[in-house]
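Here are a few exercises to work through with the model open in your viewer. Try each task before you read its solution.

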Amino acid sequence: MPDPYLIAGPVLRSLPPETAHRLGIHALRLGLAPSEKEAPDPILACEHWGLKFANPIGLSAGFDKDAEVMDAALRIGFGFAEAGTVTPLPQPGNPKPRLFRLPADRAMINRLGFNNGGLARFSERFARRDRGSSKGPAGANIGRNHCTGEKHAISDFEIGIEVLAGLADYLVINISSPNTPGLRDLQQRELLEELIGRCLKARARGMRRDAPPPPVLVKIAPDLDESEIRDIAELALETDIAGLIVCNTTVDRPSSLQSNFRNEAGGLSGAPLFDRARDFVAKMHRMTEGQIPIVGCGGVASGDDAYVMIRAGASLIQLYTALVFEGPGLVSRIKKRLAVRLRQDGFSAVGEAVGADFR
Ligand SMILES: Cc1cc2nc3c(=O)[nH]c(=O)nc-3n(C[C@H](O)[C@H](O)[C@H](O)COP(=O)(O)O)c2cc1C
């Protein structure tokens, strides 16, 4: 059967990006996107932090900001889904227009600024989930409100972590979005050390006594310099940080960009980010000596991209922008191709290929 997105895609892309996005969320909520029918391929199964993943391809943060479609994303074939970024209080985000498609570059630029409905509604949706019957892990990506002064920035993360510790399968400290002033400063060593310490204490406060603590990951920006990357790698090894998401959008603008909106302010995602994200994953994998699972994110748009990212050191993959251009059928195509590449190279499980380029 031809992919229905061949028709729906051009219609959606003729609408303003935020309208199209809202329609996409409604379609998923109403179950209009076709669920995946095929049985999971066992070569793609993996386990990290005690969580089981039917496949390593996840939906990255920003698509489902208000935790409305986590399970719908799992039903279309993602192995895991990350909701958020959520901030303690609801906030409208930056003035529109603030989201731009760059079709010739298979990219997007956004300066949404963490528009979201706030922690109360977000956590209610997590609480209502039936985790037992879910098809995979759902993570919560946590940020800080625009109006919170930088002096109190860490408190917002503590609030989010404490509320969600007993509800989400994993937690993400997001200090890498370019659209909240001062946020990325938390990637500096002293501040990050304090942030991690306080977040882990908040997690302990939020835990149900009988449940294992959810892993806490940190999501980092591709625009860090060498010494900042080294600091984060060292901290990841020294603290109880379970994993790193590498990476968020970039403020850089490669000279190859062709689309009209290329000079809009904000974070660039999609194909032009891929090489940089892959190199960053490889660097982090080496610096953390393969001991910290890395979620590779940035420009993945095919099974070949996912395979390259995994060989560079990613244990799991996330994507968002390619979904806008290719539609939900992409997830199944990525998995099929990834499985072919793994078998061609003699691997019997996806985990065996992680970091294979450096062994
Ligand atoms: C419209 C849009 C909104 C995003 N919002 C968030 C967000 O709220 N939190 C976050 O951690 N990342 C956010 N991201 C970044 C993505 O999760 C991802 O890290 C980045 O886009 C690179 O992956 P991609 O090239 O596959 O899109 C957003 C990306 C896009 C395109």
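**Exercise 1: contacts of the ligand**

Find which backbone comes within 2.7 Å of a ligand oxygen atom, then look for side chains.

Step 1. A backbone N or O atom of G299 lies 2.7 Å from an oxygen atom of the ligand, which fits a polar contact (a pair of N or O atoms within 3.5 Å; within protein, one must be able to donate a hydrogen and the other to accept it, and residues adjacent in sequence count only if both atoms are side-chain atoms).
This is a predicted model: local features need pLDDT of at least 70, side-chain atom pairs count only at pLDDT 80 or more, and totals for chains, interfaces and linings use all residues. Residues are numbered from 1 along each chain as its sequence is written, and side-chain values use heavy atoms, with hydrogens and water left out.

Step 2. Now the side chains: N141 has a polar atom 3.0 Å from a ligand oxygen, and for N174 an N or O atom is 3.1 Å from one.

**Exercise 2: the shell**

How many residues surround the ligand, and how do they divide into nonpolar, polar and charged?

Step 1. Count 25 residues around the ligand (a heavy atom within 4 Å); A61, T85, G270, G299 and T321 are the closest.

Step 2. Sort them: 9 nonpolar, 14 polar and 2 charged, where Ala, Val, Leu, Ile, Met, Phe, Trp, Tyr, Cys and Pro count as nonpolar, Asp, Glu, Lys and Arg as charged, and the others, Gly among them, as polar.

**Exercise 3: R129**

Is R129 buried or exposed?

Step 1. R129 has a relative accessible area of 9%, so it's buried (under 20%; exposed is over 50%, partly exposed in between; 1.4 Å probe, protein chains only).

Step 2. Check its partner: the side chains of R129 and S134 share a polar contact of 2.6 Å.
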